[in-house]
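Student: Please take a close look at one single part of this model and pick it apart for me. I'd like cut-offs spelled out as you go.

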Amino acid sequence: MTRTLGISAGLLLAVSASAWAHGHGAAQGAAAKVSATVKASDCWIRLIPSPAPSGGFFVAHNAGQEDAVLTGAHSPDYGMVMLHETTESGGMSKMSMVHQVAIPAGKDLAFKPGSYHLMLEQPRAGLKVGDTVQVDFTLANGEVFSAACEVKSPKAMSGGHDMSGHMKH
Ligand SMILES: [Cu+2]
């Protein structure tokens with residue numbers, strides 16, 4: 001008896017938590033104000049065949065006088081977009097999910113291979129090299145900004161990004 005009760009309580013919690021998450025997202029989408037100070041440029045996606053995730057890279061610009069805090073990203077062309085960071089310790093490279101990335105006041109922050117990047121999963125059917133994907137970013141203050149990201153082939157990594165390899169410590 002106690003056991004059944006425990007399970008239903010758990011289920012109830014899970015359901016209300018997901019309802020809250022959905023409601024919250026929708027409300028934010030409807031009321032979100034586009035940031036006047038934070039923008040993204042040079043966005044591109046390194047398309048890796050699904051189900052492997054693709055990496056997304058861009059430069060965030062903060063023209064404001066206060067630090068901006070990036071808290072999430074979404075795209076109509078991907079089922080899931082996460083903020084990731086690649087770090088190196090003891091010669092090993094690993095990726096972890098980050099929930100907040102600060103963009104310093106008056107500065108640019110590059111999301112690039114070997115550092116912060118977007119991890120995009122569940123692409124819409126038919127997404128291909130040459131397409132443009134919209135990515136919507138959310139800031140901690142509730143404001144949003146968007147980027148138009150060019151979908152490039154995996155080979156794009158070796159072209160023009162030699163610098164990042166040389167700059168590894
Ligand atoms: Cu990643």
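Tutor: Met 119 counts as buried, at 6% relative accessibility (buried is under 20% relative accessible area, exposed over 50%, partly exposed in between, with a 1.4 Å probe and protein chains only). This is a predicted model, where local features need pLDDT of at least 70 and side-chain atom pairs count only at pLDDT 80 or more, while totals for chains, interfaces and linings use all residues. Residues are numbered from 1 along each chain as its sequence is written, and side-chain values use heavy atoms, leaving out hydrogens and water.

Now, what coordinates the copper ion? Met 119 does so through SD, together with His 84 (ND1), Met 95 (SD) and His 117 (NE2), at 2.1 to 2.2 Å. Donors here are N, O and S atoms within 2.8 Å of the metal (3.2 Å for Na, K and Ca); water is not among the atoms, so sites may look incomplete. The four donor atoms of the copper ion make angles of 91 to 119°, and that site is tetrahedral, the label for four donors with all angles between 85 and 135 degrees. For reference, the ideal angle for four tetrahedral donors is 109.5 degrees. Along the chain, the copper donors are spaced H-x10-M-x21-H-x1-M. Met 95 sits in strand β5 (residues 92-97) and Met 119 in strand β8 (residues 116-123), so this pair, 24 residues apart, links distant parts of the chain; strands are DSSP runs of E with at least two residues, numbered from the N terminus. Unlike buried Met 119, Met 95 is partly exposed, with a relative accessible area of 45%.

Right next to Met 119 in the numbering comes Leu 118, one of the residues with the most contacts inside the largest nonpolar core, which has 30 residues. Such a core is a set of buried Ala, Val, Leu, Ile, Met, Phe, Trp, Tyr and Cys residues joined through side-chain atoms within 4.5 Å. Phe 58, Leu 70 and Phe 137 share that billing with Leu 118. Leaving aside neighbours within four places in sequence, Phe 137 is in contact (heavy atoms within 4.5 Å) with residues including Leu 118, Phe 58 and Leu 70. Phe 137 is buried too, with a relative accessible area of 0%, and Phe 58 comes in at 1%.

Conventions:
Tetrahedral: all angles 85-135°; square planar, octahedral: opposite > 155°, others 65-115°. Helix = DSSP H or I, 4+ residues; strand = E, 2+ residues; numbered from the N terminus.
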